[in-house]
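Subject: Structure handover

Hello,

Here is the structure I promised to pass on. My notes on it follow below.

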Amino acid sequence: WFDRWPLVRTGRGWCTDGFFATPTVQFGCIETGAARDVAICPFPADVVRIDLPTFQGYNDIIQPGRFSPSQFTMPELLSIALGEPSASDEVLRKLFASGEADAEAWHQLEAGAMKR
């Protein structure tokens, strides 16, 4: 997210944030045509539902609240994303750690699924 507007100028061309380039149920997560797509969403699973036809199961999405309770509310996350007001270093560290924990939980499920 670079700007308040859906279109931003980067380099010599115009770009759009992925959210604005996909159907609402995809929430900015595109299908790539790969054997498997894994979506990553920064917003809680109880607020934002993501659905792609290529998803093979619950573990195809990394998202706060999917593996453990979200550390932030939706208003807090929107405030951080929009930078109004700018988040403190402490809040950003907590956000980073929360994302790491979600990714680690996803990885553990993947590792368990691979062993079967």
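Gln 108 and Glu 104 are joined through their side chains by a polar contact of 2.5 Å. Bear in mind that this is a predicted model. Gln 108 lies in helix H2. Its relative accessible area is 46%, so Gln 108 counts as partly exposed.

Other residues of H2

Trp 106 is also placed in helix H2. Is Trp 106 buried or exposed? Trp 106 is buried, because its relative accessible area is 18% and the cut-off for buried is under 20%. Its C-alpha atom is 6.6 Å from that of Ile 62, although 44 residues separate Trp 106 and Ile 62 in sequence.

Lys 94 is another residue of helix H2, which spans residues 89-115. Lys 94 has a relative accessible area of 42%, so it is partly exposed. Leaving aside neighbours within four places in sequence, Lys 94 is in contact with Gln 71 and Phe 72. The C-alpha atoms of Lys 94 and Gln 71 are 8.3 Å apart. Along the chain, 23 residues separate Lys 94 from Gln 71.

Two buried charges

Asp 102 sits in helix H2 as well. Arg 66 is in the loop between strand S4 (61-62) and H1. Which side chain of opposite charge is nearest to Asp 102? It is Arg 66, at 9.0 Å. The reverse also holds: for Arg 66, the nearest side chain of opposite charge is Asp 102. Asp 102 is buried and has no salt bridge. Arg 66 is likewise buried without a salt bridge. A salt bridge needs a side-chain nitrogen of Lys or Arg within 4 Å of a carboxyl oxygen of Asp or Glu, so the 9.0 Å between Arg 66 and Asp 102 does not qualify.

Each of the two has other partners. The side chain of Arg 66 makes a polar contact of 2.9 Å with the side chain of Gln 63. Asp 102 also touches Gln 63. Not counting residues up to four places away in sequence, Asp 102 further touches Ile 62, Pro 64, Phe 67 and Ser 68.

The nonpolar core

How many residues make up the largest nonpolar core? There are 11 in all. Among them are Cys 29, Ala 39, Cys 41, Phe 43, Val 48 and Ile 50. Ile 61, Phe 72, Met 74, Leu 77 and Ile 80 also belong to this core. Helix H1 (residues 74-82) gives the largest share of the core, with three residues. In soluble globular proteins, nonpolar side chains tend to be buried together.

Ile 80, one of the core residues, has partners further along the chain. Leaving aside neighbours within four places in sequence, Ile 80 is in contact with Phe 72, Ala 87, Val 91, Leu 92 and Leu 95. Phe 72 is a core residue too. Phe 72 is also in contact with Lys 94.

A loop residue

Val 47 lies in the loop between strand S3 (39-40) and S4. Its relative accessibility is 47%, so Val 47 is partly exposed. The C-alpha atoms of Val 47 and Thr 73 are 9.5 Å apart. In sequence, Val 47 and Thr 73 are 26 residues apart.

The whole chain

The chain has two helices and four strands. Their order along the sequence is β-β-β-β-α-α. The chain has 116 residues, and 24% of them count as buried. Its accessible surface is about 8,200 Å². Carbon and sulfur atoms account for 60% of that surface. Of the contacts between residues at least 6 apart in sequence, 34% join residues at least 24 apart.

Best wishes

Technical notes: Residues are numbered from 1 along each chain as its sequence is written. This is a predicted model: local features need pLDDT of at least 70, side-chain atom pairs count only at pLDDT 80 or more; totals for chains, interfaces and linings use all residues. Side-chain values use heavy atoms; hydrogens and water are left out. Buried means under 20% relative accessible area, exposed over 50%, partly exposed in between (1.4 Å probe, protein chains only). Contact means heavy atoms within 4.5 Å. Accessible areas come from the Shrake-Rupley method with a 1.4 Å probe; for residues, only the protein chains shown count as cover. A nonpolar core is a set of buried Ala, Val, Leu, Ile, Met, Phe, Trp, Tyr and Cys residues joined through side-chain atoms within 4.5 Å. Lys and Arg count as positive and Asp and Glu as negative; His and the chain ends are not counted. A polar contact is a pair of N or O atoms within 3.5 Å; within protein, one must be able to donate a hydrogen and the other to accept it, and residues adjacent in sequence count only if both atoms are side-chain atoms.
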